[in-house]
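Biologist: Please put the model up. I would like to go through a few of its local features.

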Amino acid sequence: MTEQKQKDTTSTTQTTEAIVAETKTAPENKSAENPNTRNKFGNRNRTFGRRQTRTRVSASGFEEKVVGLKRISKTTKGGRHMRFSALVVIGDKNGRVGYGIGKSTEVPNAIRKAIKNARNQMFKITMNKRNTIYHEIIGKHGASSVLLKPAPIGTGIIAGGAIRAIVELAGFKDIYTKNLGSNTSLNMVQATLDGLLKQRHPSAIASLRDKNVGEL
């Protein structure tokens, strides 16, 4: 009886050692590390090429947002040359906002150039005491048209993409926006700025009509 128990114990120990050995020699699951492996729906888990809006506060007090980042390929006699183009919007959330484009063979250098160009062309945006625009207006540039409307207090910023970057960094708190044309990031930025800069102060409109602001 004792011999039978020893045999059972020995066989159990051998089986456990075999399982541990198989576990150590089994190949590791690389699906989490390989971005091109297929998920349970049969689609590839690709990560390259997704647009990510990144916000950073610089030492000068301006907030910086990378709105667009794309790869440019130029084919020459010597072969293909790859570069990157970055679209950056900067602002102080107090009425000053600007945008710039930078190109380079590396992404950090392209962003750095875009920020430098944005600082060289800053715009002063006017807004009322409720941190919204004075009146409804449509900004246009190229094939893009952006509708801008004042909103009541507590509405927030109703915008997305490049339009949101402009109105948010300019300092607006409540505003309605709607893209009516092309959704190209650069065109939307320029169309939004066109609409914001075409605003008219109530006092200017009152002087044109020979009236007081209270009579409007």
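The questions below take up one helix, two loop residues and one strand residue.

Modeller: This is a predicted model: local features need pLDDT of at least 70, side-chain atom pairs count only at pLDDT 80 or more, and totals for chains, interfaces and linings use all residues. Residues are numbered from 1 along each chain as its sequence is written, and side-chain values use heavy atoms, without hydrogens or water.

Biologist: What span should helix H4 have, end to end?

Modeller: H4 is a DSSP run (H or I, at least four residues; strands are E, at least two), numbered from the N terminus. H4 covers residues 185-197, 13 residues. The expected span is 1.5 Å times one less than the number of residues. The end C-alpha atoms are 18 Å apart, which agrees with the expected 18 Å.

Biologist: How many residues of H4 are buried?

Modeller: Buried means under 20% relative accessible area, exposed over 50%, partly exposed in between (1.4 Å probe, protein chains only). Among the buried ones are Met-188, Val-189 and Leu-193. H4 is largely enclosed by the rest of the structure, because the buried residues number ten of the 13.

Biologist: Which loop holds Lys-93?

Modeller: Lys-93 is not a glycine, yet its phi is positive, about 60 degrees. Lys-93 is partly exposed, at 39%. Its loop runs between strand E3 (79-91) and strand E4 (96-104).

Biologist: What is the relative accessible area of Asn-131?

Modeller: Asn-131 sits in the loop between strands E5 (122-124) and E6 (137-141). Its phi is also positive, near 60 degrees. Asn-131 is partly exposed, at 29%.

Biologist: Is Ser-145 buried or exposed?

Modeller: Ser-145 belongs to strand E7 (residues 144-150). Its relative accessibility is 17%, so Ser-145 counts as buried.
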